Amino acid sequence: MYTFDHIAETMNHFTEALGLSRYTLYMQDYGGPVVFAWLGLSGSNRGSHRPGAVAHNEGLGAIWKTRRAFWADRAANESALRTNLLSLQTTRTRHVGSDPTWNL
């Protein structure tokens, strides 16, 4: 399941399985919301968390609408996700954002 909460839960189980009592975790991109979900899930003080990313769904932008639909229903949205991930506009946004001085 591709949700921030599920990824956070998986990471929590992973650190417990390794027996980590202390760690530092630095996340970027959509790892920011994962870290915040993890903190809410575990209430853990075992780790030092350094998110360097967007920490709210609104900050992820419109291109995530297709990805969220895919997470909810893979079969119905797989083709749309491929188009979304591989389009020139999505690629441009991923690498240069909306900066008008970049012209691809």
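**Entry 1: H4 against H5.** I began with the packing of helix H4 (residues 74-86) on helix H5 (residues 88-96), and I found their axes 5 Å apart at an angle of about 50 degrees. The model I was reading is a predicted one. Angles from 65 to 115 degrees would count as roughly perpendicular and those under 35 as roughly parallel, and H4 and H5 are therefore oblique to each other. I then listed who makes the contact, and noted Asn84, Leu85 and Leu86 on the H4 side, with Leu88, Thr90, Thr91 and Arg94 on the H5 side. Sorted by character, the residues of this contact come out as 3 nonpolar, 3 polar and 1 charged.

**Entry 2: helix H3.** I next asked which residues of helix H3 (residues 64-72) are buried. They are Trp64, Arg67 and Phe70. An α-helix has 3.6 residues a turn, so residues three or four places apart point the same way. Looking down the axis of H3, I saw its buried residues fall within an arc of 115 degrees, so they line one face of the helix. Lys65 and Ala72, on the other side of H3, are exposed. I also checked what the buried residues of H3 pack against, and the partners are H4 and H5.

**Entry 3: Thr66.** I stayed in helix H3 to look up Thr66. Is Thr66 buried or partly exposed? Its relative accessibility is 22%, and buried would require under 20%, so I recorded Thr66 as partly exposed. Leaving aside residues up to four places away in sequence, I found that Thr66 touches Ala80, Leu81 and Asn84. For Asn84, which lies 18 residues from Thr66 along the chain, I noted a C-alpha separation of 6.9 Å. Asn84 is also one of the H4 residues that make the contact with H5.

**Entry 4: the nonpolar core.** I turned to the largest nonpolar core, which has 10 residues in all: Phe4, Ala8, Met11, Tyr23, Leu25, Met27, Val34, Val35, Ala37 and Trp38. At least two residues of this core come from each of helix H1 (4-18), strand S1 (23-28) and helix H2 (31-42). Which element gives the most to this core? I found that H2 does, with 4 residues.

**Entry 5: the whole chain.** I closed with the overall layout, counting 5 helices and 2 strands, which follow the pattern α-β-α-β-α-α-α when read along the sequence. Of the 104 residues in the chain, 29% are buried. Among contacts between residues at least 6 apart in sequence, I noted that 47% join residues at least 24 apart.

Definitions and conventions:
Residues numbered from 1 in each chain as written. Predicted model: local features only at pLDDT ≥ 70, side-chain atom pairs only at ≥ 80, totals over all residues. Heavy atoms only, no water. Axes fitted to C-alpha atoms, helices over the stretch in contact; angles between N-to-C directions. Parallel < 35°, antiparallel > 145°, perpendicular 65-115°, else oblique. Contact = heavy atoms within 4.5 Å. Nonpolar A, V, L, I, M, F, W, Y, C, P; charged D, E, K, R; others polar. Core = buried A, V, L, I, M, F, W, Y, C linked by side-chain atoms within 4.5 Å. Buried < 20%, exposed > 50% of the residue type's maximum accessible area, 1.4 Å probe, protein only. Arc of directions from axis to C-beta.
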